[in-house]
Amino acid sequence: MTILPDGPVLRTGRFVLLAACLALPAPAEAQVRGVEVRTPRPFGYFLGDLVQAQVDLVVEPGFRVQAASLPQPGALTYWLDLRTVSVSQSDMGDARRVRLALTYQNFYAALDARTLEIPGFTVTFVSESEHGATTAKAEVPPWSFNVSPLREVQPPARDDPRDYMRPDGQVGPGDPRAFLMGAAGSAALALLGFAGLARDRTWWPFRARRGRPFAIAARRLRALAREPEAATGQRDALLALHHAIDAAAGRRLLADDLPGFLDAHPAYRGEAAGLARFFEASRRTFFGPGAGHDAFSLGDLASLGQRLARAERAA
Amino acid sequence: MNQFRSGDAMLTDWRAAAGRFEAAVGGAVLGQDRAIRLLTIALFARGHVLLEGDVGVGKTTLLRAVARALGGAYERVEGTVDMMPTDLVYHTYLADDGRPRVEPGPVLRRSEDLSIFFFNEINRARPQVHALLLRLMAERTLTAFNREYRFPNLQVFADRNRVEREETFELPAAARDRFLMEIGLEAPRDAGARRALVFDPRFHDTDALIAAIPGAVLDHAALPGIAAAIQHGIQASPAIEAYVIGLWEALVRPGDAGIRLPGIDMEALVQGGASPRGVAFLVRAARVRAWLEGRDWMVPEDIRAIFPEIMGHRVFLEPIYEMRRASIVPDLVRAVFETVPAP
């Protein structure tokens with residue numbers, strides 16, 4: 001078992017521990033062609049540092065890693081945790097390379113610079129064929145790294161114990177624009193949502209406004225009054241006002257219902273006489289012997305519509 | 001508003017007589033102005049009337065008062081379970097000389113002169129009796145003793161109380177359709193009328209009360225003629241015709257007319273009914289009302305005033321809604337009038 005520096009890795013500042021299995025007589029061992037452990041550096045670690053290690057295993061083609069044989073993330077010893085393990089496999093010529101990326105974390109609170117050993121482990125490879133499964137084991141050797149203390153063991157005495165502490169780091173002024181934009185966007189969304197809710201619940205300003213049927217009728221009556229020669233003008237005008245009254249009452253209003261309508265809608269009480277005359281005229285026009293001497297002229301109807309529309313606005 | 005032509009002076013006189021008639025009946029029957037008005041309309045529309053109501057609200061008194069004020073012959077029978085049609089037609093007994101005698105029964109006794117036939121508790125009589133009544137009402141004729149009797153002036157008034165259902169026979173739809181109106185009678189709501197009815201001894205002795213009504217305010221023999229004159233004299237404008245047809249359509253197909261009642265499937269509510277005869281009766285009665293109101297043309301109010309009594313019982317609901325008829329039909333009628341535009 002030798003530990004050799006590897007050319008290209010040295011250029012990148014890595015130190016390579018090459019563990020070649022030289023025990024050739026065992027045929028199972030022969031199926032593992034090489035084991036390499038690479039680390040960025042074997043020294044200069046402090047309490048809490050992450051130690052990266054890359055293990056390259058070269059095996060005969062057809063072998064694959066048995067996942068259960070890989071080290072499990074977790075505490076390995078009281079001072080060492082294995083944080084992550086990831087496996088990647090690739091074909092390399094006529095061999096197969098399995099690369100393990102291991103991340104350890106060191107929790108050793110060292111009082112002086114010293115060497116610690118990360119334990120080795122065994123990885124099992126399996127090759128399945130028609131005649132059965134062949135397994136091969138690769139021993140990953142233990143390897144060492146140096147840890148150093150973070151501070152002096154016996155610092156010079158100081159009057160103020162706070163002087164032992166390092167000052168707090170300065171936090172630079174952050175850029176609040178992104179947060180402001182986010183806040184403004186959220187506020188706009190909230191407002192939009194609230195507007196939708198208000199519309200759904202008919203809160204102000206979406207409170208359902210009562211329609212203004214008399215205003216519509218008044219417009220129609222004015223239009224009809226402008227062309228008095230139309231044959232059906234009178235009937236259309238009466239109908240327009242009827243529709244407005246029906247809409248205001250919420251039901252079909254007959255002449256006899258007028259007192260009840262005025263009680264329910266006192267705003268129109270001022271027009272009681274005009275409305276009574278309108279109903280009488282409508283009755284005669286539609287059901288009776290025709291408009292009599294007290295026929296409503298289109299102009300009268302239009303002005304009644306105007307007055308009703310005004311009462312409607314005041315209501 | 002009374003713009004009757006001079007030839008219609010007779011109608012004007014009769015309207016005054018109708019007013020006297022209503023006043024005479026109203027003097028004896030308190031707080032039933034609407035029922036009295038409807039009965040008057042039925043009289044002049046020559047229609048039969050079914051009174052419905054609780055026990056003791058004055059159904060019989062009202063009909064007796066109407067019969068008294070109308071004049072003419074008046075017969076009355078009480079419906080019972082064992083009554084057979086023949087009981088109405090003839091009466092058999094052993095005379096003093098020991099021989100059996102057959103004499104005309106209540107219907108035939110006054111024959112042609114009979115103006116009001118009053119059938120009390122009609123739903124206690126059997127369907128056989130209803131069948132006889134059907135012909136009497138529809139054709140105003142009866143075949144008995146090998147001849148046909150005619151009753152040109154006859155009007156059938158019937159009453160039934162809606163409290164009991166034991167030992168009663170529901171009137172068949174055909175019989176109900178022949179009644180012009182079904183008038184629901186309730187005790188008066190007015191406190192003054194209630195007090196008078198309970199404490200005034202005048203209302204305790206029904207016979208004396210009826211006897212106090214001036215008899216024969218109307219000439220019952222002339223009623224058919226004046227009824228025909230009313231039907232011819234009162235005009236219906238195209239607008240009112242369209243209105244009645246619209247009401248009819250909305251009543252039979254309320255869903256299509258846009259009527260919605262809470263908790264009711266409008267497409268499945270009305271099964272049928274509202275016969276053409278019913279709508280013809282409606283217009284007939286509406287003409288009478290227009291005449292009573294002093295017009296010679298109809299207005300929608302005339303239709304509305306009598307619509308529930310005339311059309312209410314002619315609408316047949318799906319069986320699932322039939323039990324709630326008393327609440328559904330008035331709502332439906334109200335909704336129909338709130339929906340159909342007039343004009």
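The following legends describe close-up views of a predicted model with chains A and B.

**Figure 1. Overview of chain A in the predicted model.** Chain A contains 8 helices and 11 strands. Of its 315 residues, 33% are buried. The surface that chain A exposes amounts to about 19,200 Å², and carbon and sulfur atoms supply 57% of this area. Among the contacts in chain A with a separation of 6 or more, 60% are between residues 24 or more positions apart.

**Figure 2. The contact between chain A and chain B.** Chain A contributes 16 residues to this contact, and chain B contributes 21 residues. Together the two chains bury about 1,700 Å² between them, with 58% of that area on carbon and sulfur atoms. On the side of chain A, the residues that lose the most area to chain B are A:Arg252, A:Leu254 and A:Phe287, which together account for 45% of what that side buries.

**Figure 3. Polar and charged pairs across the interface, and the elements of chain A that take part.** Between chain A and chain B there are 2 salt bridges. In a salt bridge between A:Asp257 and B:Arg304, the side chains meet with an N to O distance of 2.5 Å. Side chains of opposite charge can pair when their charged atoms come close. The two chains also have 7 residue pairs in polar contact. Helices α5 (233–249) and α7 (272–286) of chain A each supply at least two residues of the side that touches chain B. The largest share of that side, 5 residues, comes from α7(A). By residue type, the side of chain A that touches chain B divides into 6 nonpolar, 3 polar and 7 charged residues.

**Figure 4. The surroundings of A:Ser69.** A:Ser69 lies in the loop between β4 (64–65) and β5 (74–77) of chain A. Is A:Ser69 buried or exposed? A:Ser69 counts as buried because its relative accessibility is 16%, which is under the limit of 20%. A polar atom of the A:Ser69 side chain lies 2.7 Å from the backbone oxygen of A:Gln66. A polar atom of this side chain also lies 3.0 Å from the backbone nitrogen of A:Thr124. Leaving aside residues up to four places away in sequence, A:Ser69 touches A:Thr122, A:Val123 and A:Thr124.

**Figure 5. The surroundings of A:Thr103 in strand β7 of chain A.** The strand that holds A:Thr103 covers residues 95–106 of chain A. A:Thr103 counts as buried, since its relative accessibility is 11%. Which side chains make a polar contact with the side chain of A:Thr103? One is the side chain of A:Gln52, at 3.1 Å. Another is the side chain of A:Thr84, in a polar contact of 3.1 Å. When residues up to four places away in sequence are not counted, the residues that A:Thr103 touches include A:Leu50, A:Val51, A:Asp81, A:Leu82 and A:Arg83.

**Figure 6. A salt bridge between A:Arg307 and A:Glu271.** The side chains of these two residues meet at 2.9 Å, N to O. The pair links distant parts of the chain, with the two positions 36 residues apart in numbering: A:Arg307 belongs to helix α8 (residues 298–314), whereas A:Glu271 is in the loop between α6 (258–264) and α7 of chain A. With a relative accessible area of 32%, A:Arg307 is partly exposed. A:Glu271, by contrast, counts as buried at 15% relative accessibility.

**Figure 7. Salt bridges within chain B.** B:Glu148 forms a salt bridge with B:Arg135, and the closest N and O atoms are 3.2 Å apart. This pair, too, links distant parts of the chain: B:Glu148 is in strand β7 (residues 147–150) and B:Arg135 is in helix α6 (residues 127–139) of chain B, 13 residues apart. B:Glu148 is partly exposed at 38% relative accessibility, and B:Arg135 is partly exposed with a relative accessible area of 29%. In another salt bridge, the side chains of B:Glu249 and B:Arg253 meet at 2.7 Å, N to O. B:Glu249 is partly exposed, with a relative accessible area of 40%, and B:Arg253 counts as partly exposed at 42%.

**Figure 8. A network of salt bridges in chain B.** The residues linked in this network are B:Glu22, B:Arg37, B:Arg289, B:Glu293, B:Arg295 and B:Asp302. Over all chains, a search of the whole structure finds 42 salt bridges.

Note on methods
Residues numbered from 1 in each chain as written. Chains lettered and ligands numbered in written order. Predicted model: local features only at pLDDT ≥ 70, side-chain atom pairs only at ≥ 80, totals over all residues. Heavy atoms only, no water. Contact = heavy atoms within 4.5 Å. Buried area = accessible area lost by both parts, 1.4 Å probe. Salt bridge = Lys/Arg side-chain N within 4 Å of Asp/Glu carboxyl O. Polar contact = N/O pair within 3.5 Å; in protein donor to acceptor, adjacent residues only side chain to side chain. Helix = DSSP H or I, 4+ residues; strand = E, 2+ residues; numbered from the N terminus. Nonpolar A, V, L, I, M, F, W, Y, C, P; charged D, E, K, R; others polar. Buried < 20%, exposed > 50% of the residue type's maximum accessible area, 1.4 Å probe, protein only. Areas by Shrake-Rupley, 256 points an atom, 1.4 Å probe, with all protein chains shown as cover.
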